[in-house]
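Got your viewer open? Here is a short walk through the model, one selection at a time.

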Amino acid sequence: MDLSELVRRLDDRLDTAAYADVDASANGLQVGPEEATVERVAFAVDAAMETIEAAARADADVLVTHHGLSWGGIERVTGRTHDRIAALVEHDIALYVSHLPLDGHMELGNAAGVADELGLENRKPFGSVGPETVGLVGDAADPLSVPLLRSHLAEFEGSVQEPKVLEFGPETVERVAVLTGSGTDWLDEAVDAGADALVTGEGKQQVYHDAREAGITVVLGGHYATETFGVRNLQEIVDAWGLETEYVSHPTGL
């Protein structure tokens, strides 16, 4: 498959253009030629030396990640940025990135993957970023106790420590808002959506007081652990397109 065709298909499937004005990440093809032949694609959460080198060992032509190298533009290609780009060029690996589009996709996204694991139904978009959304809210098929909710997150791929829980909501969780990565800024929106709990990756100091005063539980499952689902879903899509694929697991513990 031509690289341009792969990029077009991914952009279309993820509605990448819709997030162009709201995402600091330069989504889409970040590193690579306009035309190349693609036979093997590697997938990882982060674009870092470890994942780039793993993609090279897998003989990948493209590395697809959730977190890329360009956040608000690259002014200078020096230091770590230089080393990562140099490694991609040296190994002839293109880099395709999908940040917020892969958070918010209602079928393939990170929040959708978490919702699948929790068995959430009646899902609706959640987590406004301008006109777009980056999460979802849904109802538990069966009411969840907070310990059970925590245990589900502890089983996520890449989870290396017990999820932290700020247990300020009801004992029984029936409605859950999910916004992976760093999602505590959407606590008030979760409250407005009638959620008993907000599931995200990592928190900020102020969320303790905000959650306590709002009467909502917050579960922090780890930034990495809550964001493996999107790239794994993309791997299945690309595999179905007839390309060879490889998943690179490199948990950060954060």
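Which strands does helix α6 (residues 146-154) lie across? Select the helix and look underneath: β6 (132-145), β7, β8, β9 and β10 (217-220) are the ones. Against β6, α6 runs at about 125°. Contact here is heavy atoms within 4.5 Å. Angles run from 0 to 180 degrees between N-to-C directions, with axes as lines fitted to C-alpha atoms, for helices over the stretch in contact. Helices (H or I, at least four residues) and strands (E, at least two) are DSSP runs numbered from the N terminus.

Before you click on, some housekeeping. This is a predicted model, with residues numbered from 1 along each chain as its sequence is written. Local features need pLDDT of at least 70 and side-chain atom pairs count only at pLDDT 80 or more, while totals for chains, interfaces and linings use all residues; side-chain values use heavy atoms, leaving out hydrogens and water.

**Stop 1: the sheet with α6 across it**

Now show the open sheet of 6 strands, ordered β5-β6-β8-β9-β10-β7 with mixed pairing. Its edges are β5 (120-129) and β7 (164-166), each of which pairs on one side only. Ignoring direction, neighbouring strands here are turned by 25° against each other on average. Two strands count as paired if DSSP finds at least two bridges between them. Strands of a sheet pair through backbone hydrogen bonds, either parallel or antiparallel.

For a sample of that pairing, pick β8 (residues 172-178) and β9 (residues 197-200): they run parallel and are joined by 3 bridges. Label Ala 177, and you will find its bridge partner in β9 at Leu 198.

**Stop 2: the other open sheet**

Hide that and bring up β1-β4-β3-β2-β11, an open sheet of 5 strands with mixed pairing. β1 and β11 (244-247) are the edge strands, pairing on one side only. The twist from one strand to the next averages 30°.

Start with β4 (residues 94-97). Ala 94 and Tyr 96 point one way, Leu 95 and Val 97 the other, and all are buried. For burial, the cut-offs on relative accessible area are under 20% for buried, over 50% for exposed and partly exposed in between (1.4 Å probe, protein chains only).

On one side of β4, go to β1 (residues 28-31), which runs antiparallel to β4 and is joined to it by 3 bridges; Leu 29 stands opposite Tyr 96. Then try β3 (residues 62-67), which pairs with β4 in the parallel sense over 4 bridges. Val 62 has Ala 94 as its bridge partner in β4.

Next comes β2 (residues 40-46). How many of its 7 residues are buried? The count is 6, so the strand is largely enclosed by the rest of the structure. β2 and β3 run parallel with 5 bridges, and Asp 46 stands opposite His 67 in β3. β2 also runs parallel to β11, over 4 bridges, where Val 41 has Thr 245 as its bridge partner.

**Stop 3: loops**

Select Asp 15, in the loop between α1 (3-14) and β1. Its phi is near 55°, a positive value in a residue other than glycine. Asp 15 counts as partly exposed because its relative accessibility is 44%.

Jump to Asp 59, in the loop between α2 (49-57) and β3. Phi is positive for Asp 59 too, near 60°, and this residue is not glycine either. Is Asp 59 buried or exposed? With a relative accessible area of 58%, it is exposed.

Then pick Gly 32, in the loop between β1 and β2 and partly exposed at 44% relative accessible area. Draw a distance from its C-alpha to that of Tyr 96: the two atoms are separated by 8.6 Å, with the residues 64 apart along the chain.

**Last stop: the largest pocket**

Finally, select Gln 161, Gly 201, Leu 220, Gly 222 and Leu 254, which of the 16 lining residues are the closest to the centre of the largest pocket. Its volume is about 200 Å³. A pocket, on a 1 Å grid over the protein atoms alone, is an open set of points where a 1.4 Å probe fits, with protein on both sides within 12 Å along at least five of seven lines; lining residues have an atom within 4 Å of a point. Grid points are joined across faces, edges and corners, and the volume is the space filled by probe spheres set on them.

Colour the lining by type and you get 5 nonpolar, 8 polar and 3 charged residues. In that scheme Ala, Val, Leu, Ile, Met, Phe, Trp, Tyr, Cys and Pro are nonpolar, Asp, Glu, Lys and Arg are charged, and the others, Gly among them, are polar.
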